[in-house]
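Visitor: Here is a model I would like to go through term by term. Please show it, and then tell me how each label is earned.

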Amino acid sequence: MKNIEEKIDSINNLFKDLEGEVPEMDMIVRKTLKIGEELGELNEAVLAEMGLQRQEKLDSYKREDLEKELADVVISALTLARYLNIDLEDWLLKRLDFVERRIKTNPSEE
Ligand SMILES: [Mg+2]
């Protein structure tokens with residue numbers, strides 16, 4: 001995860017060089033909206049993967065589109081976490097532990 005965070009920081013610095021300093025609140029709003037945008041693209045790719053898009057979209061769809069869009073969702077979440085100073089790896093592990101405990105405690109709820 002460290003390599004990915006370093007790459008995200010490097011890209012964010014490139015954006016800063018291009019756009020200048022953007023207020024932190026604006027960046028947090030932008031990065032939050034970006035997750036929604038990427039999630040929409042992932043939804044489209046999943047629909048195409050399942051053959052549930054119109055033919056025109058199915059004709060140009062490639063499996064790689066699905067892989068890219070899933071990665072984009074994760075990257076946008078990681079980027080937001082960097083802006084919010086959230087240790088996402090730590091929280092992912094905590095949440096996975098929580099889900100695991102819940103399933104073990106009450107398997108019928110999952
Ligand atoms: Mg995308």
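Visitor: What makes helix α5 a helix that lies largely in the open?

Guide: A residue is buried if 20 or more other C-beta atoms lie within 10 Å of its own, exposed if 12 or fewer, and partly exposed in between, with C-beta atoms placed from the backbone. Of the 18 residues of α5, the number that are buried is zero, so the helix lies largely in the open. This is a predicted model, in which local features need pLDDT of at least 70, side-chain atom pairs count only at pLDDT 80 or more, and totals for chains, interfaces and linings use all residues. Residues are numbered from 1 along each chain as its sequence is written.

Visitor: Why is Lys94 called exposed?

Guide: Lys94 lies in helix α5. Lys94 has 11 other C-beta atoms within 10 Å, and the limit for exposed is 12 or fewer, so Lys94 is exposed. From Lys94 to Glu67 the C-alpha distance is 26 Å, with their positions 27 residues apart in sequence.

Visitor: How do you know what span to expect of α5?

Guide: The expected span is 1.5 Å times one less than the number of residues. Helix α5 (residues 88-105) has 18 residues, for which 26 Å is expected, and its first and last C-alpha atoms are 25 Å apart, close to that value. Helices here are DSSP runs of H or I with at least four residues, strands are runs of E with at least two, and both are numbered from the N terminus. The protein has five helices and zero strands.

Visitor: What is the span of α1, and how well is α1 covered?

Guide: Helix α1 reaches 25 Å from first to last C-alpha, close to the expected 26 Å. Helix α1 is hardly covered, with a buried count of zero among its 18 residues.

Visitor: Why is α1 called roughly perpendicular to α4?

Guide: Helix α1 (residues 2-19) and helix α4 (residues 63-83) pack at about 75°, with axes 10 Å apart. That makes α1 roughly perpendicular to α4, because angles of 65 to 115 degrees count as roughly perpendicular, under 35 as roughly parallel, over 145 as roughly antiparallel and the rest as oblique. Axes are lines fitted to C-alpha atoms, for helices over the stretch in contact, and angles run from 0 to 180 degrees between N-to-C directions.

Visitor: Which residues meet where α1 packs on α4?

Guide: Ile4, Glu5, Ile8, Asp9 and Asn12 in α1 meet Leu78, Thr79 and Arg82 in α4. Two residues are in contact if their C-beta atoms lie within 7 Å. Leaving aside residues up to four places away in sequence, Arg82 touches Glu5, Ile8, Asp9 and Asn12.

Visitor: Why is Arg82 called partly exposed?

Guide: Arg82 has 16 other C-beta atoms within 10 Å, a count between the limits for exposed and buried, so Arg82 is partly exposed.

Visitor: What makes the phi of Asn85 worth a remark?

Guide: Most residues other than glycine have a negative phi. Asn85 is not a glycine, yet has a positive phi of about 55°. Asn85 sits in the loop between α4 and α5 and is exposed, with 6 other C-beta atoms within 10 Å.

Visitor: How does the radius of gyration compare with that of a compact globule?

Guide: The radius is taken over C-alpha atoms, and the globule rule is 2.2 Å times the number of residues to the power 0.38. For 110 residues a compact globule would be near 13 Å, but the protein has 18 Å. Buried residues make up 6% of the 110 residues.
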